[in-house]
Amino acid sequence: SCNGISDAGMQAFAASSFFPKLSSLNVSCNGIRNAGMQALAASSFFPNLSTLCVCDNRIGIAGMQALAASSFFPNLTSLDVSRSWIGIAGMQALAASSFFP
């Protein structure tokens, strides 16, 4: 966490197929915005991810809507978005998603 990953780093990470067994990812406090979250949400390379911490980033509604619409995280059971900018609409998108238990 707090490594300055930003959207560009998250986009590069999301495009990488080198971590198929990754089960936990903490990218808190990295300046990630909607583009970074949208890239992760569109990636099919992390099917075993069960824990995702994206707290203290600047992810907004569009980023959360992308994650909520993604079917690529069937094992995700823990999501920390605290101190992000997802707003009520982002939470509603997650709550209404059929892809998350």
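**View 1. Ser 6 of helix 1, a partly exposed residue with positive phi.** Ser 6 counts as partly exposed at 28% relative accessibility (buried is under 20%, exposed over 50%, partly exposed in between; 1.4 Å probe, protein chains only). The model is predicted, with local features needing pLDDT of at least 70, side-chain atom pairs counted only at pLDDT 80 or more, and totals for chains, interfaces and linings using all residues. Residues are numbered from 1 along each chain as its sequence is written, and side-chain values use heavy atoms, with hydrogens and water left out. Ser 6 lies in helix 1 (helices are DSSP runs of H or I with at least four residues, strands runs of E with at least two, numbered from the N terminus). Phi of Ser 6 is near 60°. That is a positive value in a residue other than glycine.

**View 2. Helix 1 packs on helix 2.** Helix 1 covers residues 6-14 and helix 2 residues 34-41. Their axes lie 8 Å apart, at an angle of about 5° (axes are lines fitted to C-alpha atoms over the stretch in contact; angles run from 0 to 180 degrees between N-to-C directions). The two helices are therefore roughly parallel (under 35 degrees; over 145 is roughly antiparallel, 65 to 115 roughly perpendicular, the rest oblique). Helix 1 makes the contact through Asp 7, Met 10, Gln 11 and Ala 14. Helix 2 supplies Asn 34, Ala 35, Gly 36, Ala 39 and Leu 40. A contact means heavy atoms within 4.5 Å. Five of the contact residues are nonpolar, three polar and one charged (Ala, Val, Leu, Ile, Met, Phe, Trp, Tyr, Cys and Pro are nonpolar; Asp, Glu, Lys and Arg are charged; the others, Gly among them, are polar).

**View 3. Gln 11 at the contact of helix 1 with helix 2.** Gln 11 sits in helix 1. Its relative accessibility is 37%, so Gln 11 counts as partly exposed. Neighbours within four places in sequence aside, Gln 11 touches Ala 35 and Ala 39. Both of these alanines are helix 2 residues of the helix 1 contact. Leu 40 is 29 residues from Gln 11 in sequence. In space, their C-alpha atoms are 6.9 Å apart.

**View 4. Helix 2 packs on helix 3.** The axes of helix 2 and helix 3 come within 8 Å. They cross at roughly 5°, so helix 2 and helix 3 are roughly parallel to each other. From helix 2, Asn 34, Met 37, Gln 38 and Ala 41 take part. They meet Ile 61, Ala 62, Gly 63, Met 64, Ala 66 and Leu 67 of helix 3. The residues of this contact divide into seven nonpolar and three polar, with no charged residue. Asn 34 belongs to this contact and also to that of helix 1 with helix 2.

**View 5. Helix 3 packs on helix 4.** Helix 3 spans residues 61-68, and helix 4 spans residues 87-96. Their axes come within 8 Å and cross at roughly 0°. That makes helix 3 roughly parallel to helix 4. Ile 61, Met 64, Gln 65, Leu 67 and Ala 68 are the helix 3 residues here. Their partners in helix 4 are Ala 89, Gly 90, Ala 93 and Leu 94. Seven of the residues are nonpolar, two are polar and none is charged. Ile 61, Met 64 and Leu 67 face helix 4 here and also meet helix 2.

**View 6. Ser 16 in the loop between helix 1 and strand 1.** Strand 1 runs over 24-26, and Ser 16 is found in the loop between helix 1 and this strand. Ser 16 is buried, with a relative accessible area of 12%. The Ser 16 side chain reaches the backbone nitrogen of Phe 18 at 3.3 Å. Beyond four places in sequence, Ser 16 is in contact with Phe 45 and Phe 46.

**View 7. Ser 28 and Cys 29 in the loop between strand 1 and helix 2.** Ser 28 is in this loop, as is Cys 29. Ser 28 is buried at 8% relative accessible area. Its side chain makes a polar contact of 2.8 Å with the side chain of Asn 26 (N or O atoms within 3.5 Å, one able to donate a hydrogen and the other to accept it; residues adjacent in sequence count only if both atoms are side-chain atoms). Neighbours within four places aside, Ser 28 is in contact with Ser 1, Cys 2, Cys 53, Val 54, Cys 55 and Asn 57. Cys 29 is partly exposed, with a relative accessible area of 35%. Phi of Cys 29 is near 60°, a positive value in a residue other than glycine.

**View 8. Cys 2, in a structure without disulfides.** Cys 2 is partly exposed at 49% relative accessibility. Cys 2 is one of the residues in contact with Ser 28. The structure holds zero disulfides (pairs of cysteine sulfur atoms within 2.5 Å).
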